[in-house]
Amino acid sequence: MTAVTFHLEGARIVSVDIRGHSGYAEEGADLICNTVVAAIQLVECTVNDVLGLAAAVKVEPEEPHISLHLPGGLSEEDEHTCQNLLTGMMVYLTSLRQQFPDYITVTESANKKSMGK
């Protein structure tokens with residue numbers, strides 16, 4: 001099962017952590033995994049390549065595990081944009097979970113400020 005966890009500090013999404021293969025299909029042909037990876041890649045490219053921010057991304061294919069951590073000290077505009085992107089991804093993946101509840105979980109977790117350092 002693919003487990004997606006959005007880590008929050010108050011109302012701010014500070015990171016997203018994705019672990020595991022969904023088991024929906026063979027690796028490489030798995031609709032759920034491919035959809036989740038595409039969603040986080042879109043957010044990462046927008047945050048880092050389009051906005052020029054320094055979100056930390058960690059990919060461990062052997063696990064499998066992908067994480068994205070927003071930097072601190074963002075301008076109000078960049079913070080707003082990043083929160084909209086991550087909230088949109090959360091809504092999108094929650095919709096995917098509703099369609100395929102046996103293959104993906106989406107949760108929110110209260111986060112300590114030191115996490116992700």
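1. Which element gives the most to the lining of the largest pocket? In this predicted model, the answer is helix α1, which gives 4 residues to that lining. The points below first describe the sheet and its helices, and then return to this pocket.

2. It helps to begin with the overall arrangement of the strands, where 5 strands form an open sheet in the order β3-β4-β2-β1-β5, with mixed pairing. The edge strands are β3 and β5 (104-110), each of which pairs on one side only. Neighbouring strands of this sheet are turned by 15° against each other on average, when direction is ignored. As general background, strands of a sheet pair through backbone hydrogen bonds, and they may do so in a parallel or an antiparallel way.

3. Consider next strand β1, which covers residues 2-9 and pairs with β5 in the parallel sense over 7 bridges. Within this pairing, A3 stands opposite T105 in β5, and L8 stands opposite A110 in β5. Strand β1 also pairs with β2, here in the antiparallel sense and again over 7 bridges, and in β2 the bridge partner of V4 is I18. With 6 of its 8 residues buried, β1 is mostly covered.

4. The turn from β1 to β2 deserves a careful look in the structure, since these strands form a hairpin with 2 residues between them, in which G10 takes a positive phi near 65°. For a first-year reader, the background to this remark is that most residues other than glycine have a negative phi.

5. Strand β4 (residues 65-69) has partners on both sides, as the order β3-β4-β2-β1-β5 shows. With β2 (residues 12-19), β4 runs antiparallel and is joined by 5 bridges, and one of the pairs to look for is D17 with its bridge partner S67 in β4. With β3 (residues 56-60), β4 also pairs in the antiparallel sense over 5 bridges, and here the bridge partner of V57 is L68 in β4. Is this strand largely enclosed or not, and why? Since a residue counts as buried under 20% relative accessible area, and 4 of the 5 residues of β4 are buried, this strand is largely enclosed by the rest of the structure.

6. Where does the chain hold a cis peptide bond? The bond from E63 to P64 is cis, with omega near -15°, and P64 lies in the loop between β3 and β4. These two strands form a hairpin with 4 residues between them. The cis bond is worth pointing out, because most peptide bonds are trans.

7. Turning to the partners of the strands, β1 and β5 pair in the parallel sense, and helix α1 (residues 31-50) packs on the sheet that holds them, touching β1, β2, β3, β4 and β5, while its direction makes about 25° with that of β4. Helix α2 (residues 76-99) also packs on the sheet, touching β1, β2, β4 and β5, and the direction of α2 makes about 140° with that of β5.

8. Two residues of helix α2 can serve as examples of intermediate exposure. N84 has its place in helix α2 and is partly exposed, with a relative accessible area of 47%. The C-alpha atom of N84 is separated by 9.7 Å from that of I13, although these residues are 71 residues apart along the chain. T81 is likewise found in helix α2, and at 27% relative accessibility T81 counts as partly exposed. The C-alpha atoms of T81 and L51 are separated by 9.1 Å, while the residues are 30 apart along the chain.

9. The largest pocket, with which this note began, has a volume of about 280 Å³. In general, rolling a probe the size of a water molecule over the atoms shows where empty space is left. The lining of the largest pocket is made of 17 residues, of which H21, C33, V37, P64 and I66 lie nearest its centre. One of these names, P64, has already appeared as the residue that follows E63 across the cis peptide bond. The elements α1, β3 and β4 each supply at least two residues of the lining, and the residues of the lining divide into 8 nonpolar, 6 polar and 3 charged.

Technical notes
Residues numbered from 1 in each chain as written. Predicted model: local features only at pLDDT ≥ 70, side-chain atom pairs only at ≥ 80, totals over all residues. Heavy atoms only, no water. Buried < 20%, exposed > 50% of the residue type's maximum accessible area, 1.4 Å probe, protein only. Pairing = 2+ DSSP bridges. Axes fitted to C-alpha atoms, helices over the stretch in contact; angles between N-to-C directions. Contact = heavy atoms within 4.5 Å. 1 Å grid on protein atoms, 1.4 Å probe; cavity = no way out; pocket = protein on both sides within 12 Å on 5 of 7 lines; lining within 4 Å. Points joined across faces, edges and corners; volume = space filled by probe spheres on them. Nonpolar A, V, L, I, M, F, W, Y, C, P; charged D, E, K, R; others polar.
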